[in-house]
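Dear colleague,

Please find the structure below, together with its sequence. A summary of the findings follows.

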Amino acid sequence: MSNIASPLSKGFLWKQRVGFGAIDFGRQIAQSLADTYLSAYLLNVVFGGLDETNYAKAAAAVSLMFIVCKLIDACSDFIIGALVDRTHTKIGRARPWIYGGCGVFLVGLLMLFGTATLFDGSSIAATMVFTYFAYVIYTTGLTMVNIPEGSLMNFMTSDQKERNMLATVRGITGGLGTSLIGSVVAPLVALLGSSNDAVGYLRTALLLGIVMVVMVAAGNTAVCEAKAQEAPEQQAGKAARKPGSNGSLLKNLKAYITTKNFVVELLFCFGNLFYVISLMSTMTYYITYQMNGNFTIMGLAMTAYSVAGLVSPLVVPSLANRLGKRPIALIGIGIAAVGVALRFLAPSTASMMVIGMVIAGFGGGFVGCMIQSTQPDIVDELTVKTRSINAGVIMASFSLACQIGSGIASSLIAGILGASSYLGGAATQTASAMSAINFVWGGLPLLSLALIFVAMSFYDLDKKHKEFEPELEKIRQEQGM
């Protein structure tokens with residue numbers, strides 16, 4: 001039937017799964033570096049030497065930047081998504097964009113973490129102009145990798161069990177990427193910078209950026225979009241068929257926003273990224289001023305969080321097949337909330353913080369897998385509703401929700417700290433600043449978990465997907481997929 005040896009053999013499937021996971025591992029380490037450390041890098045390293053008045057202005061400028069650049073990134077999300085949907089090459093729709101995005105991603109990352117080596121922060125305007133430019137390049141490169149990567153699952157398989165496996169592998173490898181960042185960044189900055197944090201951050205970004213490029217490129221080479229898995233005669237028949245129209249983008253978007261599950265997923269993505277950023281990026285401030293700068297505890301807590309997040313995905317395929325995706329997501333959110341509450345209710349207690357992060361990580365593993373697994377199902381639902389395949393645009397919508405959640409979280413953290421008289425680099429902080437640190441450390445993550453719990457309660461594709469699978473396959477055949 002095919003000249004590809006046993007396309008559905010276990011060896012072939014695991015090559016697909018590992019390759020897909022490698023893409024996410026590489027992207028995650030570079031993205032997590034910026035998501036977790038960029039705010040602290042700008043506030044403490046780039047602008048850390050300013051007086052109180054100028055520091056407040058710089059903090060406000062950083063807060064605004066996260067919002068403005070996310071709005072700019074929204075445009076690139078949809079542009080890249082639309083281009084993916086209209087790309088037809090021998091290696092597929094998504095994979096060419098992933099290759100191209102690696103280089104842009106790396107350049108933007110190095111520019112961001114090279115800011116302090118070029119500017120001393122005394123000229124806030126000049127520093128922020130450069131940072132804006134660097135951040136736009138970074139987010140554009142991230143989009144060129146992230147949107148096609150999100151679309152890949154739809155292009156690789158329509159089998160629900162295999163999608164659960166892909167989501168599980170992606171959840172594990174993504175967790176490994178996050179764990180790596182939590183464990184090695186602080187030691188690498190110290191080691192590579194020799195007491196110069198500006199140099200340390202730049203060299204760390206270069207090292208991790210190279211790892212990102214290698215992993216993403218290798219994984220992208222290993223995966224195979226569904227059309228390439230078919231027999232030669234099937235490929236020839238589809239190649240002779242003109243790809244179907246993707247329909248009017250504006251008309252499709254109107255159809256999307258009136259679909260309940262699409263709106264649910266937008267809120268799910270927004271709330272989850274808000275949660276992750278508020279959970280992780282506030283640790284630097286909390287450790288510095290509530291735990292006497294004991295960054296060994298921070299490394300232990302973040303590693304424990306990430307390792308726990310690798311355990312729960314192992315049982316996701318079997319549980320999701322039996323219970324459905326909504327129950328697994330709700331269970332994960334509830335477990336994560338317990339972990340955050342424990343961490344919040346025992347301030348300055350190292351053991352409780354680590355225990356809380358373990359529980360939060362275990363719950364977060366379920367949540368992350370369900371985000372990855374539900375998105376292709378919603379793409380399928382919208383494909384049937386509009387009779388056009390626009391996986392790139394739909395994934396761009398989800399990415400936009402993630403970016404807005406990330407941007408608002410980062411902006412709120414910087415804004416709240418700036419308004420509380422927080423002064424980066426100071427040996428001690430005022431009472432109002434300490435209260436602000438405690439709030440962004442515990443209050444923001446709990447609020448975001450409440451949002452995604454309510455949103456996911458309305459998800460109802462667990463049973464509906466089987467009902468439209470025959471019609472979906474018919475549309476895919478009409479579109480030459």
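Is Lys-464 buried, partly exposed or exposed? With a relative accessible area of 30%, Lys-464 is partly exposed. Please note that the model is a predicted one.

**Salt bridges**

Lys-464 has a partner: its side chain meets that of Glu-381 in a salt bridge, at 3.3 Å from N to O. Because Lys-464 lies in helix α18 (residues 461-478) and Glu-381 in helix α15, the pair ties together parts that are 83 residues apart in sequence. Glu-381 is buried, and its relative accessible area is 10%.

In total, the structure holds eleven salt bridges. Another of them joins Arg-163 to Asp-380, with the closest N and O atoms 2.6 Å apart. This pair links distant parts of the chain, as Arg-163 belongs to helix α6 and Asp-380 to helix α15, 217 residues apart. Both Arg-163 and Asp-380 are buried.

A salt bridge is also found between the side chains of Asp-24 and Arg-170, at 3.1 Å from N to O. Here the linked parts are helix α1 (residues 10-46), which holds Asp-24, and helix α6 (residues 160-193), which holds Arg-170; the two residues are 146 residues apart. Asp-24 is buried at a relative accessible area of 3%, and Arg-170 counts as buried at 5%. Salt bridges with shared partners join Asp-24, Arg-27, Glu-149 and Arg-170 into one network.

**Helix α15**

Helix α15, which carries Asp-380 and Glu-381, spans residues 350-386. The 37 residues of α15 reach 52 Å from the first C-alpha to the last, close to the 54 Å expected at 1.5 Å a residue. The helix is mostly covered, with 27 of its 37 residues buried. Just after α15 comes Arg-387, which takes a positive phi of about 55°.

**Aromatic pairs**

The count of aromatic pairs comes to 15. Phe-66 and Tyr-135 form an edge-to-face pair, 5.8 Å centre to centre and with 90° between the planes. Phe-66 is in helix α2 (residues 52-85) and Tyr-135 in helix α5 (residues 124-156), so this pair links distant parts of the chain, 69 residues apart. Phe-66 and Tyr-135 are both buried.The pair of Phe-262 and Phe-398 is tilted, at 5.6 Å centre to centre and 40° between the planes. Phe-262 lies in helix α10 (residues 260-280) and Phe-398 in helix α16 (residues 391-419), so the pair ties together parts that are 136 residues apart in sequence. Phe-262 is buried, as is Phe-398. In addition, Tyr-55, Tyr-285, Tyr-289 and Tyr-422 form one aromatic cluster.

**Cysteines**

The count of disulfides comes to zero. Why does the sulfur of Cys-75 form no bond with that of Cys-69? The sulfur in Cys-69 is the closest cysteine sulfur to that of Cys-75, yet it is 12 Å away, which is too far for a bond. For Cys-102 the closest cysteine sulfur is in Cys-224, and at 18 Å it too lies too far away for a bond. Cys-102 is buried, with a relative accessible area of 4%.

**Other features**

Asp-77 is found in helix α2 and counts as buried, at 0% relative accessibility. On the surface, Leu-206, Ile-210 and Val-214 make a nonpolar patch of about 250 Å². Val-214 has its place in helix α7 (residues 197-222).

With kind regards

Definitions and conventions. Residues are numbered from 1 along each chain as its sequence is written. This is a predicted model: local features need pLDDT of at least 70, side-chain atom pairs count only at pLDDT 80 or more; totals for chains, interfaces and linings use all residues. Side-chain values use heavy atoms; hydrogens and water are left out. Patches are made of residues with over 30% relative accessible area and no salt bridge: like charges are joined within 9 Å, nonpolar side chains (Val, Leu, Ile, Met, Phe, Trp, Tyr) within 5 Å. Accessible areas come from the Shrake-Rupley method with a 1.4 Å probe; for residues, only the protein chains shown count as cover. A salt bridge is a side-chain nitrogen of Lys or Arg within 4 Å of a carboxyl oxygen of Asp or Glu. Helices (H or I, at least four residues) and strands (E, at least two) are DSSP runs, numbered from the N terminus. A disulfide is a pair of cysteine sulfur atoms within 2.5 Å. Buried means under 20% relative accessible area, exposed over 50%, partly exposed in between (1.4 Å probe, protein chains only). The expected span of a helix is 1.5 Å times one less than its number of residues. Rings of Phe, Tyr and Trp (its six-membered ring) pair if their centres lie within 6.5 Å; planes under 30 degrees apart count as stacked, over 60 as edge-to-face and the rest as tilted.
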